[in-house]
Amino acid sequence: MDVTNPGDEPAPSTKRHRPNTPITKGPSVDDFTPTTMTLDAFNQLSRNQKKKILRQELWDQRSGEFREKQRAKRSVLRKRHKQRVRLGEVPAKRKLDEQESSGHKIIIDMDFDDKMHDTEIKSICSQLVRCYSTNRHGPLFVDLHITKLHERCRARFDKAIADHTEWPESRIKFHDTELLDVFGTDKLVYLTADSPNEITELDTQKVYVVGGLVDKNRYKRLTLDKAEQMGVAHARLPIGQYVQMASRKVITVNQIFEILVKFVEAGDWKQAFLEVIPQRKFNEGKGGGAKVVKGAVAEDAEDVDQDAEDVDDADENTDEAEVSEVSDDAEDVSDHEGSV
């Protein structure tokens, strides 16, 4: 029913209109001629397979221009970061000889290449870049090993993160072999959220293993089953003793690594969890913020936005500190979720 008076002017629309600019559409698979295969072979593929090949070929054509823009962007951010360092707003990058060894050893087990989609392969490789950055720039460093780097993950590193061969071995070591070929079973402790055991301390005589997997909870007990099959000890991080999370205890591989490094530095699990795990993953107390158990006062946790939610965007949207510290080592940085 119209309730306006006949003489009233119509109210201005609150809708936002796009300008009358032509919309440029890319080529359709129906009229696309591939360069990497014959047209007959292309026409026998499903429509989704055709789209995948089309996107890949378009990317190959435009990747040079995109990378030039990214290099220019990183150059600007590096200059801005250096200016902030001069002004004392952020700490200066540590030199290798300014770091001290913690004596701890951590393995990231990459023996799950066949369990991940292509986008997850990209994510887990980028998480390894973040792990290296954490280990490279903190006051203490751990003996970090990447084992069973093979197939698509190896190809990703060789193509997109080619500078990893220049990273100092004192901060990260890459192995093509299984973790049992690097360390004995008696020293290994596989960290998995499915374990009934809970660690309270980190022992310098042990080697802690983190599963290098992005699976979005598709695989239950995967890392626990592997630990049991290998006959090695397993445990979970004591998250539930210190904080209450809003969902299952699933955080990114690089966050798990950073939590371990933070605990090595400060010896305080609660501090490590609150500094690393994003605020949105906590249950909220009455005053908002992270709900800390054991009678502690509810407090705010740092919301590390580049570490969890916008995982796919992080490839192109790196913050200033990472640009100055990591982009010299790799082309891409992003992350996604893995289990503790």
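**Exercise 1. Rings in company**

Find the cluster that ring pairs build from Tyr132, Phe157, Trp167 and Phe174, then work out how Trp59 and Phe66 are arranged as an aromatic pair.

*Solution.* Keep in mind that this is a predicted model.

Step 1. Select Tyr132, Phe157, Trp167 and Phe174: ring pairs link these residues into a cluster. A search of the whole structure finds eight aromatic pairs.

Step 2. Go on to Trp59 and Phe66, whose ring centres are 5.4 Å apart and whose planes make an angle of 65°. Planes over 60 degrees apart count as edge-to-face, and that is the label this pair receives.

Step 3. Check how open the two residues are. Trp59 has a relative accessible area of 33% and is partly exposed; Phe66, at 28%, is partly exposed too.

**Exercise 2. Charges over rings**

Which ring does the charged end of Arg171 sit over, and which ring face does Lys226 lie over?

*Solution.*

Step 1. Start from Arg171. Its charged end sits over the ring of Phe141, 3.7 Å from the ring centre.

Step 2. Now take Lys226, which lies over the face of Phe112 at 5.3 Å from the centre of that ring.

**Exercise 3. Reading the sheet**

In what order do the six strands of the open sheet run, and which strands stand at its edges?

*Solution.*

Step 1. Trace the strands across the sheet: the order is 3-2-1-5-4-6, and the pairing is parallel.

Step 2. Look at the two ends of that order. Strand 3 (173–174) and strand 6 (233–235) each have a single partner strand, so one side of each has no neighbour in the sheet.

Step 3. Zoom in on one edge. Strand 4 (residues 188–191) pairs with strand 6 in the parallel sense over three bridges, and Leu191 stands opposite Ala235 of strand 6.

Step 4. Add the helices. Helix 5 (residues 222–230) packs on the sheet and touches strand 1, strand 4, strand 5 (207–211) and strand 6. The direction of helix 5 makes about 160° with that of strand 4. Helix 3 (residues 118–137) lies across strand 1 (100–109) and strand 2 (140–147), at about 155° to strand 2.

**Exercise 4. Three residues, buried or exposed?**

For Gln99, Gly211 and Thr147, decide between buried and exposed, then list what each one touches beyond four places in sequence.

*Solution.* The cut-off to apply is that buried means under 20% relative accessible area.

Step 1. Gln99 lies in the loop between helix 2 (47–86) and strand 1. With a relative accessible area of 6%, Gln99 is buried. A polar atom of its side chain lies 2.9 Å from the backbone oxygen of Asn135. The residues Gln99 touches include Asn135, His137, Pro139, Phe141 and Arg171.

Step 2. Gly211 belongs to strand 5 and, also at 6%, is buried. Its contacts are Asp109, Phe112, Tyr190, Thr223 and Val253. Gly211 and Asp109 are 102 residues apart in sequence, yet their C-alpha atoms are 5.0 Å apart in space.

Step 3. Thr147 is found in strand 2, and its relative accessibility of 0% makes it buried. Among the residues it touches are Ile107, Asp109, Met110, His175, Thr177 and Val182.

**Exercise 5. Positive phi**

Where do Glu151 and Arg221 lie, and what is phi near in Glu151 and in Arg221?

*Solution.*

Step 1. Place Glu151 in helix 4 (residues 151–160). Its phi is near 50°, a positive value in a residue other than glycine. At 53% relative accessibility, Glu151 counts as exposed.

Step 2. Place Arg221 in the loop between strand 5 and helix 5. Phi here is near 60°, again positive in a residue other than glycine. Arg221 counts as partly exposed, at 38% relative accessibility.

**Exercise 6. Helix 8, capped and covered**

Which residue caps the N-terminal end of helix 8, and what covers the buried residues of that helix?

*Solution.*

Step 1. Begin at the N-terminal end: Asp268 is the cap, with a side-chain oxygen 3.0 Å from the backbone nitrogen of Lys270.

Step 2. Pick out the buried residues of helix 8 (residues 269–276): Trp269, Ala272, Phe273, Leu274 and Val276.

Step 3. Look for what covers them: the cover includes helix 6 (239–242) and helix 7 (253–266).

Key. Residues are numbered from 1 along each chain as its sequence is written. This is a predicted model: local features need pLDDT of at least 70, side-chain atom pairs count only at pLDDT 80 or more; totals for chains, interfaces and linings use all residues. Side-chain values use heavy atoms; hydrogens and water are left out. Buried means under 20% relative accessible area, exposed over 50%, partly exposed in between (1.4 Å probe, protein chains only). Helices (H or I, at least four residues) and strands (E, at least two) are DSSP runs, numbered from the N terminus. Contact means heavy atoms within 4.5 Å. A polar contact is a pair of N or O atoms within 3.5 Å; within protein, one must be able to donate a hydrogen and the other to accept it, and residues adjacent in sequence count only if both atoms are side-chain atoms. Two strands pair if DSSP finds at least two bridges between them. Axes are lines fitted to C-alpha atoms, for helices over the stretch in contact, and angles run from 0 to 180 degrees between N-to-C directions. Rings of Phe, Tyr and Trp (its six-membered ring) pair if their centres lie within 6.5 Å; planes under 30 degrees apart count as stacked, over 60 as edge-to-face and the rest as tilted. A charge sits over a ring if NZ of Lys or CZ of Arg is within 6 Å of the ring centre and within 35 degrees of the ring normal.
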